[in-house]
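Subject: Structure handover

Hello,

Here is the structure you are taking over. Please open it alongside this email and follow the notes below.

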Amino acid sequence: MKKLELERNKAPENENRAVKELICIMCPKGCRLKVEEGGGYAVTGNACPKGAEYGRKEVTNPTRVLTSTVKITGAIHSCCPVKTDRDIPKQLVLKAMDVLSGVVLKAPVRRGEVVVSNILGTGANLIATRDMEAAE
Amino acid sequence: MTQRYDVAVVGAGPAGLAAACSAYENGAEKVIVIDRDREAGGILNQCIHSGFGLHYFKEELTGPEYAGRFEEMLRKTGSRLMLDTMVLKVTQNREIHMMSPKEGYSVISAGAVVLAMGCRERTRGAVGIPGARPAGVFTAGAAQRYVNIEGYMVGRRVVILGSGDIGLIMARRMTLEGAKVLACVEIMPHSNGLARNIVQCLEDYGIPLYLSHTVTEIRGKNRVEAVKVQRVDESLKPVPGTEMIFDCDTVLLSVGLIPENELTRDAGIKIDPRTKGPYVYENMETTVPGVFACGNVVHVHDLVDFVTAESKKAGEAAAKYANNSALNAFNSDLKAIINGENVAYTVPQSIRTENTDKFAEVFFRVKRVFGDSVIELKDGEKPLKAYKRQHMAPGEMEHIIIPKDMLLSAAGSLTISVKEEEKQ
């Protein structure tokens, strides 16, 4: 079997093809998926149901979980890590980063605390991913 | 008087936290974890992306979340977490010498010790990149710490050398923070990073991956101004006439990790030159009785979940040793594991048959990419078992399970080798 990256670096996908080949990003396994474009968007090559869902979404409305940091004051570090609590449309990722750049938290912060609710109207909340104690 | 603990763990990263929790669960009452940082969690704290915990927690967590859960578990055990403390020496009779601003120089003794110091990044010096010595050359992990914890952007136009996972993750991270990542350059014909990271860190942002290419010159007086990239041939030598110049201010290096074993060496523990970590037996015990090791200090893992699994094994064995319930089988029926064809290293390096329960697990890496292939386990020349695989790569740790009866039946050393499956 040829190494997949070599294959992927060749000519771009032919847009007219009825089947799109993807690599699943739901877990480290990296299943090679085939997704029928149109119709029922049938997915093959997936080892689990998450792969089928990813394949369908990726050709219809690709989404990503965004992880980043926001500023924090009064903690031992100046950044607090955050993530969206569910996936958001891929094309909104950079816009969401603009929202994050305006956020400043104040310690203490608890893991799971909502930092921005319903970010960009996506229904996803931005939450802190660690405790940040107030520094002494 | 020196304080006495059942189990002392050096390092509060994922390996140390899991080992300590597991030692407690397996009967060690007094457990201490010592770390030089101001907080527990180790490198997970700067790995703010998600992708951790799918095996262990059955959900996808970020690094800080994974670390946070383990720190909570440790706190529930009532174990002592000693932070901001540098361990200076571990002795063969299991004394730990350490230094901290709060307590000064102190010595503790332990029934068993677990070494969980993790690893370090290879630097520019380790790969020998020609050219000037300007500012702006960082290891990917150092840049990750600056960006994710300390809040400093390290550059605006970036070239990444090496396509390990940290390099790929930083390509995305720098892009999200507004930098332009011009290229990710990999000397090998394949990436050692996970396929999912090639997709979600490079392809999502249109960052080109140049396989079989390397950086052959760094230019710049004070700050990096440009790098020269060339294609390499099969022997990894740069090919003249393939030069490309990238105008950039920053070079990130993702060129490998090396287990951090100064304490291990000083303790007189045998080091395996292949893993650059301690030589370990089936229960993660090193060549010094009562001293165990786990995580990236033993060999560099792909996934933190695997570190956790290995560390729980080490913590359990350490608790048993401290409670004198370990089998005293140090030299009994020792089966060395010989690296056969295409096997780069194995962990453990040998197995004490009597110390195994129902089976022994052996982890290893292959030397190149394989399609349909067979892992062969042999007792000398005699085949014992064959394990089929559809795909293997140096970047993906492999493992096999050897049943105890098979170990008992083997007369000599065990050899593990890998070959392509023969086509009919």
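The notes below go through backbone geometry, a buried strand, the cavities and the aromatic pairs. Please keep in mind that this is a predicted model.

Backbone first. Most residues other than glycine have a negative phi, and most peptide bonds are trans. The following places depart from that pattern.

- A:A107 to A:P108 is a cis peptide bond, with omega near 5°. A:P108 sits in the loop between strand 8 (104-106) and strand 9 (114-116) of chain A.
- B:V347 and B:P348 are also joined by a cis peptide bond, with omega about 0°. B:P348 lies in the loop that runs between strand 23 (343-347) and strand 24 (350-352) of chain B.
- B:K58 is not a glycine, yet its phi is positive, near 60°. Look for B:K58 in the loop between strand 3 (50-52) and strand 4 (61-62) of chain B. B:K58 has 66% relative accessibility, so it counts as exposed.
- B:M284 has a positive phi too, about 70°, and is not a glycine. Its loop lies between strand 20 (277-278) and strand 21 (291-293) of chain B. Here the relative accessibility is 2%, below the 20% cut-off, so B:M284 is buried.

Next, strand 11 of chain B, residues 157-161. Of its 5 residues, 4 are buried, so the strand is largely enclosed by the rest of the structure. Which strands does strand 11 of chain B pair with? One is strand 12 (residues 180-186) of chain B, which runs parallel to strand 11 and is joined to it by 5 bridges. Within that pairing, B:R157 has B:K180 as its bridge partner. From strand 11 of chain B the chain passes through helix 5 (residues 165-176) to strand 12, in a right-handed β-α-β crossover. The other is strand 17 (residues 250-253) of chain B, also parallel, over 4 bridges. There, B:V159 stands opposite B:V251.

Helix 5 of chain B comes up again with the cavities. The structure holds 3 cavities of 30 Å³ or more. The largest has about 60 Å³ of space. Its lining includes A:T67 from chain A, along with chain B residues, among them B:I48, B:H49, B:Q144 and B:N148. Two elements give two or more residues each to that lining: helix 4 (140-150) and helix 5 of chain B. Helix 5 of chain B gives the largest share, 5 residues. What is the character of the lining of the largest cavity: how many residues are nonpolar, polar and charged? The split is 4 nonpolar, 4 polar and 2 charged.

Last, the aromatics. Over all chains, the search finds 10 aromatic pairs. B:F57 and B:F70 form an edge-to-face pair, 5.8 Å centre to centre with 65° between the planes. This pair links distant parts of the chain, 13 residues apart: B:F57 is in the loop between strand 3 and strand 4 of chain B, and B:F70 is in helix 2 (residues 63-76). Both rings belong to buried residues, B:F57 and B:F70. They also belong to one aromatic cluster with B:Y56 and B:Y66.

A further pair is B:F138 and B:Y146. The ring centres are 6.0 Å apart and the planes stand at 80°, so this pair is edge-to-face. B:F138 counts as buried because its relative accessibility is 18%. B:Y146 is partly exposed, at 33%.

Best wishes

Conventions. Residues are numbered from 1 along each chain as its sequence is written. Chains are lettered from A and ligands numbered from 1 in the order in which they are written. This is a predicted model: local features need pLDDT of at least 70, side-chain atom pairs count only at pLDDT 80 or more; totals for chains, interfaces and linings use all residues. Side-chain values use heavy atoms; hydrogens and water are left out. Buried means under 20% relative accessible area, exposed over 50%, partly exposed in between (1.4 Å probe, protein chains only). Two strands pair if DSSP finds at least two bridges between them. A crossover is right-handed if, with the strands pointing away from the viewer, the path from the first strand over the helix to the second runs clockwise. On a 1 Å grid over the protein atoms alone, a cavity is a set of points where a 1.4 Å probe fits but cannot get out, and a pocket is an open set with protein on both sides within 12 Å along at least five of seven lines; lining residues have an atom within 4 Å of a point. Grid points are joined across faces, edges and corners, and a volume is the space filled by probe spheres set on the points. Ala, Val, Leu, Ile, Met, Phe, Trp, Tyr, Cys and Pro count as nonpolar, Asp, Glu, Lys and Arg as charged, and the others, Gly among them, as polar. Rings of Phe, Tyr and Trp (its six-membered ring) pair if their centres lie within 6.5 Å; planes under 30 degrees apart count as stacked, over 60 as edge-to-face and the rest as tilted.
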